[in-house]
Amino acid sequence: MKSFRDKRRDNRPHPSAKGAADVSRPRAGHVPAKPDAQPRERHEAKVDDRSEPKSVPRVLARREGALPSEQLPVILEVAPNADYALLDSGAGQKLEQYGPYRIVRPEGQAIWQKALSAKDWERADAIFTGDTDEEGIGRWRFPKTPLGETWPMKHDGIDYLGRFTSFRHVGVFPEQASHWDHMAGLIAAAKRPVKVLNLFGYTGLASLVAARAGAEVTHVDASKKAIGWARENQEMAGLGSKPIRWIVDDAVKFAEREERRGSRYDIILFDPPAYGRGPKGEVWQLFEDLPDLTDLCRAILTPKPLAVVLTAYSIRASFFAIHALMRDTFAGMGGKIESGELIIREKSAGRALSTSLFSRWVA
């Protein structure tokens, strides 16, 4: 299912549900990556499901066995660093530093007042205005020099491209760095081959972190454009030789297919939207469909799995809801369920900006 991240983090009403390939992550002016002379496994894979059996509704029942231990609330924090900083926030906006650029974007959770002066905010290189048509880079205003669609960025030594998209996002969600670091530590500590599945993978930073740490990665997103961007990031990072499969597919259907053919993973990341449509019109509703997908994720784990990480954005729920779901789903497997919120610590006044809920099972 296509990650509907653009809309779920931006509380404006979403446009009419056009073809799923562009609804969830509309992007402007994308230049496709140049194909290699000799295609390799890491290249984008299209799924031919003409002979695929129709999905049968999954029958869920509460699992037997002891519930995993629990730790909550867990607050995972990203502090300002040389690559990224939340400089200030307030009055429904946030001022961020991405590499060389200062960027102003809407932020509905910033209901307090700005700590920095108006002059500090006016030094921004790019401001998302939201006052033009839904498509096009015109939704960004550049007070100084007009900027291109992309610019070079880094995360912990990994090069990638930041992007000005028509739905206010910039190709990366820095609050996820806490999960990326945790995953890289698990991969390194395993001292064995590790397979990672990244569902709703977007532009691929999590996949690149996992691949650099030594994992074999399968990255799934229903947006062909997002997959193209992720492949560009792989080349930008100098990780072209790392084993990453880029799959354009509906996340649920892909997971069902993996279950049937016996494919298994040690770590699964899934970041489902509140609402979305897949490439063939499949409809995703978080509260209706999340239990099935969570159960599927358990079903495609290896006999000695390491972790399953769920994040949820812009939903009217407490992390206690997804915590209880994850704890029930992983009954009988031991380990621990850790649940809470991802936050970014502000540089100006030290306030915490909450960005999402999360729940993760760790063996």
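What is the accessible surface of the protein chain, and what percentage of it belongs to carbon and sulfur atoms? In this predicted model, the accessible surface comes to about 15,500 Å², and carbon and sulfur atoms account for 53% of that area. The chain has 363 residues, of which 53% count as buried. Its secondary structure consists of nine helices and 18 strands. Of the contacts between residues at least 6 apart in sequence, 68% join residues at least 24 apart.

Strand 13 (residues 267-270) pairs with two other strands considered here. With strand 10 (residues 195-199) the pairing is parallel and extends over four bridges; in this pairing Leu 199 stands opposite Phe 270. With strand 16 (residues 307-312) strand 13 likewise pairs in the parallel sense, over four bridges, and Ile 268 is placed opposite Val 308. The side chains of strand 13 alternate: Ile 267 and Leu 269 point one way, Ile 268 and Phe 270 point the other way, and all are buried.

Ile 267 also belongs to the largest nonpolar core, a set of 47 residues in which Val 196 and Ile 267 have the most contacts. Leaving aside residues up to four places away in sequence, Ile 267 touches Met 183, Leu 186, Ile 187, Val 194, Lys 195, Val 196, Leu 197, Leu 306 and Ala 307. A second core, separate from this one, comprises 31 residues, among them Ala 255, Leu 290, Leu 293 and Trp 361.

Helix packing was examined for helix 7 (residues 251-261) and helix 8 (residues 286-299). The axes of these two helices come within 10 Å and cross at roughly 35 degrees, and the crossing is left-handed. Helix 7 contributes Val 252, Ala 255, Glu 256 and Glu 259 to the contact, while helix 8 contributes Leu 293, Leu 296 and Ala 299. Ala 255 and Leu 293 are thus named both in this helix contact and in the second core.

An open sheet is formed by five strands in the order 3-4-5-6-7, with mixed pairing. Strand 3 (84-90) and strand 7 (140-141) occupy the edges; each has a single partner strand, so one side of each is left without a neighbour in the sheet. Within the sheet, strand 5 (residues 101-106) and strand 6 (residues 126-128) pair in the parallel sense over two bridges, and Val 104 stands opposite Ile 127 of strand 6.

Definitions and conventions:
Residues numbered from 1 in each chain as written. Predicted model: local features only at pLDDT ≥ 70, side-chain atom pairs only at ≥ 80, totals over all residues. Heavy atoms only, no water. Buried < 20%, exposed > 50% of the residue type's maximum accessible area, 1.4 Å probe, protein only. Contact = heavy atoms within 4.5 Å. Areas by Shrake-Rupley, 256 points an atom, 1.4 Å probe, with all protein chains shown as cover. Pairing = 2+ DSSP bridges. Core = buried A, V, L, I, M, F, W, Y, C linked by side-chain atoms within 4.5 Å. Axes fitted to C-alpha atoms, helices over the stretch in contact; angles between N-to-C directions. Left-handed = near helix turned anticlockwise from the far one by under 90°.
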